[in-house]
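Biologist: Please take one part of this model and look at it closely, residue by residue, setting it against the rest of the chain. I would like the cut-offs stated as you go.

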Amino acid sequence: GPVTSSSSTNGNAESKEGALVEKLMLDLWNGGIFESIKERLEVSAMKIVLSERRGESFDTQLVIGVRESFVNLCSAEDDKLKIYRETFEKAYLDSTDEFYQSRAADYLAQNGIADYMTYALEKLKEEDQRALRYLETSKKSDSADKLHKRCVEVLIRNFKDQILAECSGMIAANENKKLFRMYSLMNELEDGIEPMLACLEAHVLQDGLADMESCANTITTDPEKYVEKLLELFGRYSKIVKDSFQDDSHFLTSRDKAYKAVVNDVSVFKLELAVKPKGLSKTHPESKCPELLANYCDVAEKDEHEQAIDFGRNRGKIEGRASRFEIRSKQGRFHAISQGSSVEETHPGNFGGFRKGGELGRVVQGCRHAGRVCQQVG
């Protein structure tokens with residue numbers, strides 16, 4: 001009892017005295033010795049890191065040892081990383097920034113945007129890996145995140161406009177790998193992909209309308225050709241979004257928005273419909289998409305009822321369309337579009353299909369992805 005209690009008390013006292021002596025020694029070391037050599041330690045460590053960036057070999061433990069000195073020699077109870085942040089971390093971030101300020105611009109000038117994007121991605125990865133070796137990574141430290149943000153600024157944001165200037169041309173040329181690199185870089189910036197979304201929308205609209213205009217004489221008189229053209233265009237733009245932008249939801253939305261504009265455009269397909277509000281007569285141009293789809297569905301429904309198709313021969317073709325194209329209806333019947341409405345805004349049930357379970361009904365139910373444009377879901 002009493003002996004044990006006395007031993008415990010003496011042990012606690014010795015522990016406190018030991019901690020006090022350790023703090024005193026650290027303070028004396030910091031003030032008398034470390035203060036006078038820490039700048040040289042910083043400079044030496046940064047020179048070693050610079051050598052690594054240049055591809056030279058060296059002993060990585062030298063840098064790690066310097067970092068640990070800055071961390072372990074801090075005697076502040078409330079912030080053990082204070083000295084480290086004010087010295088080693090700051091020197092590391094500043095030297096990294098300085099290293100790439102001139103080199104990044106020189107590389108871009110000498111090699112062009114396409115190669116620069118590869119360079120920037122490689123350097124981001126290298127610096128992230130280097131940070132894990134040389135910077136403090138304990139839970140109380142955010143050094144690695146700070147370094148990544150510095151690298152994003154100096155490697156990406158500083159050249160954002162030059163990089164994005166190539167976006168439209170790359171989309172038009174279907175340069176998916178380059179676009180993916182651009183997407184990866186711009187995704188590092190909070191507002192980076194917005195201009196890319198605009199470029200995609202502009203391309204889908206311009207390219208889609210040009211393609212529709214080039215074969216307007218055929219597709220305006222042949223509903224099946226029209227449906228095939230819709231599917232072809234949607235597949236083309238979907239492939240761009242998948243291969244270049246990893247089906248990012250933002251780009252999917254931009255694709256759909258522009259594709260709707262193509263289908264609803266009145267300059268390519270228009271109906272001169274007589275509209276007589278309050279006794280007055282005028283014409284109102286519309287997209288011809290509803291009429292062509294109505295004809296396509298009517299023919300398909302008729303063929304189904306008359307069993308005029310050899311399903312063994314056409315099943316693959318039918319189901320191929322069905323998997324990509326869907327038109328829905330509450331009423332289960334396709335009707336002509338009402339006056340004054342676009343594909344997107346027609347009454348619920350106007351686009352719609354056949355009896356459930358019919359093979360050709362699934363062709364119409366096909367519109368699926370392209371069908372975000374044409375589908376009418378109440």
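**A helix and its surroundings**

Modeller: Thr87 counts as buried because its relative accessibility is 6%, where buried means under 20% relative accessible area, exposed means over 50%, and partly exposed covers what lies in between, computed with a 1.4 Å probe and with protein chains only. This is a predicted model, in which local features need pLDDT of at least 70 and side-chain atom pairs count only at pLDDT 80 or more, whereas totals for chains, interfaces and linings use all residues. Residues are numbered from 1 along each chain as its sequence is written, and side-chain values use heavy atoms, with hydrogens and water left out.

Thr87 is part of helix H3, and helices (H or I, at least four residues) and strands (E, at least two) are taken as DSSP runs numbered from the N terminus. Once residues up to four places away in sequence are set aside, Thr87 touches Lys38, Glu42 and Phe70, with contact meaning heavy atoms within 4.5 Å.

As background, the protein chain has 15 helices and two strands, and 43% of its 378 residues are buried. Of the contacts with a separation of 6 or more, 70% join residues that are 24 or more positions apart. The chain exposes about 20500 Å², of which carbon and sulfur atoms supply 49%; such areas come from the Shrake-Rupley method with a 1.4 Å probe, and for residues only the protein chains shown count as cover.

The part I would look at closely is helix H7, residues 176–186, where Asn176, Leu179, Met182, Tyr183, Leu185 and Met186 are buried. The buried residues of H7 pack against six named helices, H3 (82–134), H5 (160–164), H6 (167–172), H8 (194–214), H10 (223–245) and H11 (249–264). Leu179, which sits in H7, counts as buried because its relative accessibility is 0%. Beyond its neighbours within four places in sequence, Leu179 is in contact with Cys167, Met170, Ile171, Met196, Ser244 and Phe245. The C-alpha atoms of Leu179 and Ser168 are 9.7 Å apart, and the two residues are separated by eleven residues along the chain.

The packing of H7 with H10 can be described in detail. Their axes lie 7 Å apart and make an angle of about 55°, the axes being lines fitted to C-alpha atoms, for helices over the stretch in contact, with angles running from 0 to 180 degrees between N-to-C directions. That angle makes H7 oblique to H10, since angles under 35 degrees count as roughly parallel, over 145 as roughly antiparallel, 65 to 115 as roughly perpendicular and the rest as oblique. On the H7 side Asn176, Leu179, Phe180 and Tyr183 take part, and they meet Lys239, Ile240, Asp243, Ser244 and Phe245 of H10. By class, this contact has five nonpolar, two polar and two charged residues, where Ala, Val, Leu, Ile, Met, Phe, Trp, Tyr, Cys and Pro count as nonpolar, Asp, Glu, Lys and Arg as charged, and the others, Gly among them, as polar.

Two loop residues deserve attention for their backbone. Asn174, in the loop between H6 and H7, has a positive phi near 60° although it is not a glycine, and it counts as partly exposed because its relative accessibility is 42%. Asp247, in the loop between H10 and H11, likewise is a residue other than glycine with a positive phi, near 55°, and is partly exposed with a relative accessible area of 37%. Most residues other than glycine have a negative phi.

Aromatic rings add a further element to the picture. Rings of Phe, Tyr and Trp (its six-membered ring) pair if their centres lie within 6.5 Å, with planes under 30 degrees apart counted as stacked, over 60 as edge-to-face and the rest as tilted. By this rule there are twelve aromatic pairs. The rings of Phe70 and Phe88 have centres 6.1 Å apart and planes at 45°, so this pair is tilted. That pair links distant parts of the chain, with Phe70 in helix H2 (residues 60–72) and Phe88 in helix H3, 18 residues apart. Phe70 and Phe88 are both buried. Phe245 and Phe251 form a stacked pair, 3.9 Å centre to centre with 10° between the planes, and both of these residues are buried. Ring pairs also link Phe70, Tyr84, Phe88 and Tyr92 into a cluster.

Finally, Asp115 lies in H3 and counts as partly exposed because its relative accessibility is 40%. The C-alpha atoms of Asp115 and Lys178 are separated by 9.2 Å, with their positions 63 residues apart along the chain.
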